[in-house]
Every structure is written in C-alpha cells, then in structure tokens.
Amino acid sequence: MEKTYLQTAINEVRTIKVEDDRTGMSEETLKRAFLDNLFYLQGVDRSQASPYDYYLALAYTIRDRLLLRFLKSVATYKEEKVKVVCYLSAEFLMGRHLGNNLINLGIYDKVDNVVGSFGLDLEEILEQEPDPGLGNGGLGRLAACFLDSLASLEVPAIGYGIRYEFGIFHQRIQDGWQVEVPDNWLRFGNPWELPRPDESVPVKLGGHTEIAHDEKGFTKTVWIPERVILAIPYDTPVPGYKTNTVNPLRLWKAEASEDFNFEAFNAGLYDRAVAEKMDAETISKVLYPNDNTPAGRELRLAQQYFFVSASLQDLIRIHLRLHDNLDNLHERAAVQLNDTHPAVAIAEIMRLLVDQYGYDWEKAWSITQKTFAYTNHTLMPEALERWEVSLFAKLLPRHLEIIYEINHRFLEKVRIWFPDDDALVSSLSIIEENHGQKIRMANLACIGSHAINGVAALHTELLKKDTLHDFARLWPQKFFNKTNGVTPRRWILLSNPELSALVTEKIGDSWLKNLDEMRQIEKFIDDPEFCDRWRKIKQDNKQHLADYVRKYRGIEMDVNSIFDVQVKRIHEYKRQHLAVLQIIAFYNRIKQNPETEIVPRTFIFGGKAAPGYFMAKLIIKLINAVGEVVNADPDVRGRLNVVFLPNFNVSLGQRVYPAADLSEQISTAGKEASGTGNMKFAMNGALTIGTLDGANIEIREEAGAENFFLFGLTAEEVYATKAKGYHPREYYEKNADLRAVIDRIANGYFSHGDKSQFQPIVDSLLYSDPYMLLADYQAYIDCQDAVSAAYQDQARWTKMSILNSARMGKFSSDRTIAEYCKEIWDVSPVKISLDEFSPVL
C-alpha cells in the first residue's frame, strides 16, 4: 500500500513542469534568475541597484537562455558534420543586443511583465545598453541582418570579424562641424561576449621568406616573420527568431604574444617593456584608422590580414577535428567575402594549404576556388581597394609571392584564351602597373572565388557592363545578383511595435518569418478604421521622435509637418547637399513671398563623414548652417525646420525609420550599389523620393510606380551626358531659381558673411559637379512639389503608405539568405532540438 502511494506521488511530481533557473522561460523562473544575477553577479540588492545594474542582471539572464541553444547548435553541427557558412566581414553593426534577443526568443512581453512586477521600466533598461559601433554603415548592418536571417532560417553559420576596442567614432556637432571622439563601447564590459583564450591563434606579420627543404628533401618556402600577434576570439551568440538555432559571431582581439618584457623593465626601459603589447593591441584598437598616411594604410592592411588569418586558421582547426585532411574543405565550409576588405583570404588560404599542410599548388587552388565567394558592394573604381606592392612586401612578403604566382598562372591562361589582347591582360591582372605597382584586391577576389555577386539588379548589371566587365566576359557563369535585404524582426517588430501589433491582429504573425505575407494587408486599404489606425500609429511614432529630439537636441518639431528624412553615411554621391539646395529653394520662395502656400516640412538629417573626407564634413557644416538660419527666421517658422541628429546609429535608426513620412534616396544614378535604409523606411510606411539607383528600382517595381516619387537622370543618361561633355554652369546660368540658391550659399548668407567657407562646395557644383546635382536639380524640385501635393490628400497618402509596407516582402534578408544558400553556398537548414530539463528525483 505504501509503495503504491509513493509511486503515485512520484508520478504526480514528474508531471509538474520544473524549470532550470538558468534556462527556464516562465515568468516566475525569469524573476528568480533576474534577482539572482542582480545579487550574485552584480553584487547589489534592489536598494542599491542602478539602472545599469538592472540592465546587466537582465542581460545575463537572457544570455543564459541563449547559451543552452548556442552550445546545442554547435554540438549538432559537429555531430552531423554539416556544411557551415563562414561570413568574413570587417564590419558587424549589430545594434543593441538585449531587445533583439528578447524578440527572437519570443519572451519580450514576458520580460516586460517580469521587470514591471518590480516597478521597473523595460524601455529604460534597454536604453542602458551601449550601441556597439563595429561598423560604418550599410556594409556592417547588412552583415548583422544576414546573421539574424541565417539563424532564423536555421542555417549553420559563423560570422568572423574584429573586436574593435573603439568602434566607429562618436560624432558630436560643435558650431555646426562634426567632431570625432572615441567610442569606448567596452568601458563597462560586454555581457554578451564569451572570451575563448584557449582557442587563440598566432598571426604573423613582416619579416622575410627563405627557401628550405622538408624531411623528404623537397624545397619549400618558409616565412620568417618580424613579429607574431596573438588573436584571441570572443564569441557572441546570435539567435534566430523563434528557433533553437543560435550561431556564433566570433570577433578577434589582438594581443602581444608576450605582454611584458621583464628584461627591459629591469634595465629601466619602461616604455620598451610594454612596447610590444601596445603595438599589437593597436591592430584591433579602432575601426577603419585614417588611411591618409602610410602608417594608417599599413595599420588598415594589418587589420584586414589579422582577422582573415585568424579566421581561416580557426576554420581549418575546426575542420580537422572532424576530418582527416582538408581535401573536402569546400564541402564543409562556404566562405563569403563581404567586399574586398577580407580578399587577402585568397592568398592566406593558399599559404596555409601549400606551406603548412603540404598541398601541391593545383590541388590547393581547386579547394580555394570552390570554397570562396565574393560580394562586391561598390561601382566606384576608387572604392575598390588597391594596396601598394611595397606595403605588401613589407607586411606580407609570403603573400606577395603567392599573389604573383596566382597572377602569373592566371594570365598565362588568359593569353591562351585571348591571344594578342594585351589590353585584356592588363585589365584582368591582379597587379596594376600604372602610377606605381598596386595589388587590386577585387581582381584577386574575382579570380579566387567560384561566385561573384552584386547586391541589387542594377548594380549587378553595371558590374558586368562596367566595373568588372572583363571578368564577366571571361566567366559569365560566376556572376549572380543577390539584392540586399534587412531583417523585419529588428526593423519592424522591435522598431515599430504598434504597427507590428496592428498587422499581426489582422493577418497573424507568420509575416515575421515570411514577409511576403504582408501583402495580405492590402485588402484593408479601403477600410476607414484600419487606415485611421495606420495614420495614428505614424503620428505616434513622429511624436516619439519629436520628444526624443526635444529632450536631446532642444529643438521643437511639428508632428503635423512632413518628416522628410535622409539618414545615411555622408558622401557626395549620396547627395545630401542636393536636399540642402531644396531647403534653400523653399526658403527663397517664402522670403520672396511670405504669404506663399507651403506644406510644412521638417528636414531631418543624420550620418557620419569619414574623418579624412573634407567635403563630406563641409556638407554637414552646410546642413547645420542652413538650419541655423532657417530655424531662427520668423518668416518661415512653423513651415520649415531643419534638424541634424548627431551620432546616427542603429538604435537611433530604430526611432527614425518608423517616424519618417518621406525617405530621401537621391544618390546619382549608377553610384549606389543597393542601399538598405531605403528598405527600412518603406517597410515602416514611408514613401520614397528617389532616382533609379541601387535597390530603388526594385522598391519602385514592388511598391508600384504610382507609390514612388521618381526623378532624375538614369544611369545610362548620366553616362551619356558625361560622354558628350557635362557643363554644370550652364544649368546655373539658365535656371534663375537654381542661381538664387547657389548665390545664397556663395555670398555668405549662411556663413555669417564669410564667402570663403562654402566656396569649395560652390566651386565643385559649378565647375565639375561630379555627381550631377545641377543636372537633376529642377526635376528634384518638381518632384518635391508633387510630394507636397500628395501629402495634402491624407487619405491617398495613407493608402500609398500601406502599399509600400505591404509590398516589401522581397526586401527581407531572409529571402536574400535563402538565395545565397541555394545558388552560391549549397547549404541546408539544420534543425536544433533541445532536451527537456529533468531534475533527478
């Protein structure tokens, strides 16, 4: 009888759901874990805790849940010997982790309830997290979206990059000028990363090569380095949306192989005692050091090689744990080069295969070409990296020899395929002979990869037609288009929760894994109640941004005005100064006739200029100078307002994209590879004014031409206009309104009478205008008038906004990654199963 009763009791206990405090997902378990971490990890109780203590306690609570899935994912990949995507990128602009991790784990609302039960505000806790500035813009943010999609699609992957101690600089605006200050994002530590010092690898630099003989008497080349840097990996778990897959982002930190020279210290040479440590740590110190000096260029090349070498050594080590040799490396790893920054990987893998693992050249080259693929991100020849041969000889002597050999063997074949075509040989050569010998990294990437892709339909066509024309002629089968995309989890669900809730209420939540399903909301465009709610959500988002700007910039913004937004890296080809010409044109209309009717606008700018890029920094000054005059003029108050948001980053973008009415995508046609900000704006219901450039073309195709404000020359017209001789001053002479705009800048109206301040911009526009602002000016102004007219019809505008959001399914990064997997990488999803927690009774 007692035995039967005991057995019944045990069976009843076993039916009770018992959770591990480290991994459980119920609210009660999360509460316990949160308080435990606050006490045992932060060393404070609730009476002492700061908002940052609460953030760290919550971050560690969520990280515990990720680690269960992370370790299970890695173990599954090893057990099943799956093919893994290795994404090499100099930038990973991840954004804040906590909010995104809550979304992807599906516990955002639970955690909101948990912290709310303690009288805490989740939004305030989320604001405590630094925004890691490990990227400069679209390139790094794309890499982050791709990692999110890889995990969400359950694709085995690892991201490889650099753990910069200081990311992209923190931008301040002083007297209208950009001022760069260090972005010390690690000053309070980083709860999301896992140091792996036991998996460190050595990276060689400098020195010379020697010919030696192996144990069989065969000759081989030996690299004798000048110095050896230690690469220490730090892993950050990257979860997929409502999957068990969590993939690693592995970032490398540089340290000296010997931190401290005790002999030098004892001799009183204190600086020399730590010189090696300081020299080594410089490599991972700062994202994109200024390369206007020889030292800066050397450091940048050292950075690129450092993370590439460490990553490939790591990849090979992982492979050899599971396989006897590297013969099948390409069957177990797909390595993607995100632009030319990691292109030295082609030479490095050859060095490792030939010098370290004894492969003959042909076998090593076959493995290399089958393993690597290359994404090009630019059409501008000056942006394709070229390194001086002398710099390679100094820093990477063995790689220079390997590149010479790759080039020699390749060009021998080209001469056979195309005899007597010296021009073709010169174009395809890795070595550029003009103006001093340089190594063309794009050529190296093209030759060493089995696939080459552009990032928008137009971009890919222009690559084949112009930038990489001769490679497309040689290997047309290598070229693919993979139009970029962005993750809807961060850029809609996390950034725009009200809009997400409305869409989910109407069509369910499966759109978050298949954004094409957003098209279902089209059936509500004639539903007055739906349209009213849509419009109110936009107005609420505008108010949230206005409150933020008032708090941090002290500027009032009229939420009933058009929020006309251009936030992106500052560059002449992106033509922020064309938008400034428009502001001055509107300003001139009002000054000429204060009674003129103008739909109120708030012009919002944000973005950083490269520290060494004078013209971009002068454009920032011009934006702020025009804003200073316009915002203070009583004639235009309430009708025009200019706001520059300093230090634009991922977190600020999450506020801006949902609040925008109009998205400015006005680059010169044929210059922007793709753009991804254009996608984020459109997904959140902003209408686009833009040229037929980059992904704008496909956005217009998807949204419908009638829901896109198009202006400007096409890429073909740009080329044709320049070919027949472009004379920008003629546009200035013939257009009185344009002349009045330029003259206002030139006569010192926006520079307190200093005519010289903006003279470089004026001279560039009048005498060269390389990005053809003046040719597109009148079309742009006419199109902006059409925007104003459309905005006055709010019912029509709202329908256009809904259709833009509904039709952006193509621009999910899930679609992009699925295409890479099928057409370039040949990888498949792998299901990750978690074991039930079962306490021992």
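## A walk through the fold, starting at helix α24

Let's begin with a helix whose length can be checked by simple arithmetic: at 1.5 Å a residue, the 17 residues of α24 should span 24 Å, and the end C-alpha atoms of α24 are 25 Å apart, which agrees. The model is a predicted one, so it is pleasant to start with a check of this kind. Helix α24 is also mostly covered, with 14 of its 17 residues buried.

One residue to look at in α24, which runs over residues 576-592, is histidine 577. Its relative accessibility is 6%, and because buried means under 20%, histidine 577 counts as buried. What does histidine 577 touch, once residues up to four places away in sequence are set aside? The list is Glu572, Ile619, Leu765 and Leu773.

Leu765 is a good stepping stone from here, since Leu765 also appears among the contacts of isoleucine 742. Isoleucine 742 sits in helix α31, residues 736-746. With a relative accessible area of 1%, isoleucine 742 is buried. Beyond its neighbours within four places in sequence, isoleucine 742 is in contact with Leu581, Tyr732, Val762, Leu765, Leu766 and Leu774. For a sense of scale, pick out glutamate 405: it is 337 residues from isoleucine 742 along the chain, and the two C-alpha atoms are separated by 54 Å.

Now step back to the whole protein. It has 35 helices and 23 strands. The radius of gyration is 28 Å, close to the 28 Å that the globule rule gives for 841 residues, so the protein is as compact as a globular protein of that length. Taken along the principal axes, the C-alpha atoms fill a box of roughly 95 × 85 × 60 Å. Of the 841 residues, 59% count as buried. The accessible surface comes to about 33500 Å², and carbon and sulfur atoms account for 51% of that surface. Contacts reach well along the chain, too: among those between residues at least 6 apart in sequence, 76% join residues at least 24 apart.

The interior can be followed through its nonpolar cores. Which residues have the most contacts inside the largest nonpolar core? They are Phe392, Phe709 and Trp825, in a core of 193 residues. Tryptophan 825 itself, leaving aside neighbours within four places in sequence, is in contact with Lys83, Val85, Leu150, Ala334, Gln336, Ile817 and Tyr820. A second, separate core has 91 residues, including Phe34, Tyr241, Trp511 and Phe524.

Next come the strands, and a general point helps here. Strands of a sheet pair through backbone hydrogen bonds, either parallel or antiparallel. This structure offers examples of each.

For parallel pairing, turn to the open sheet of six strands in the order β20-β19-β18-β21-β22-β23. β20 (640-645) and β23 (709-710) stand at the edges with a single partner strand each, so one side of each has no neighbour in the sheet. Further in, strand β21 (residues 662-665) runs parallel to strand β22 (residues 687-690), and four bridges join them. Glutamine 665 has glycine 690 in β22 as its bridge partner.

For antiparallel pairing, a hairpin makes a friendly example. Strand β3 (residues 170-174) and strand β4 (residues 177-181) pair in the antiparallel sense over five bridges. Glutamine 174 stands opposite tryptophan 177 in β4. Two residues lie between the strands of this hairpin, and in the turn aspartate 175 has a positive phi of about 55°.

A further antiparallel case is the open sheet of three strands, ordered β13-β15-β14. Its edge strands are β13 (386-388) and β14 (431-432), each of which pairs on one side only. β14 is joined by two bridges to strand β15 (residues 438-440), and the two run antiparallel. Here isoleucine 431 stands opposite isoleucine 439 in β15.

We can finish on the edge strand β13, where glutamate 388 lies. Is glutamate 388 buried or partly exposed? At 23% relative accessibility, glutamate 388 counts as partly exposed, because the range for that class lies between 20% and 50%. Apart from neighbours within four places in sequence, glutamate 388 is in contact with Arg297, Gln437 and Lys438. Leucine 545, by contrast, is 157 residues from glutamate 388 in sequence and 47 Å from it in space, C-alpha to C-alpha.

Definitions and conventions: Residues numbered from 1 in each chain as written. Predicted model: local features only at pLDDT ≥ 70, side-chain atom pairs only at ≥ 80, totals over all residues. Heavy atoms only, no water. Buried < 20%, exposed > 50% of the residue type's maximum accessible area, 1.4 Å probe, protein only. Contact = heavy atoms within 4.5 Å. Pairing = 2+ DSSP bridges. Expected span 1.5 Å × (residues − 1). Rg over C-alpha atoms; globule rule 2.2 N^0.38 Å. Areas by Shrake-Rupley, 256 points an atom, 1.4 Å probe, with all protein chains shown as cover. Core = buried A, V, L, I, M, F, W, Y, C linked by side-chain atoms within 4.5 Å.
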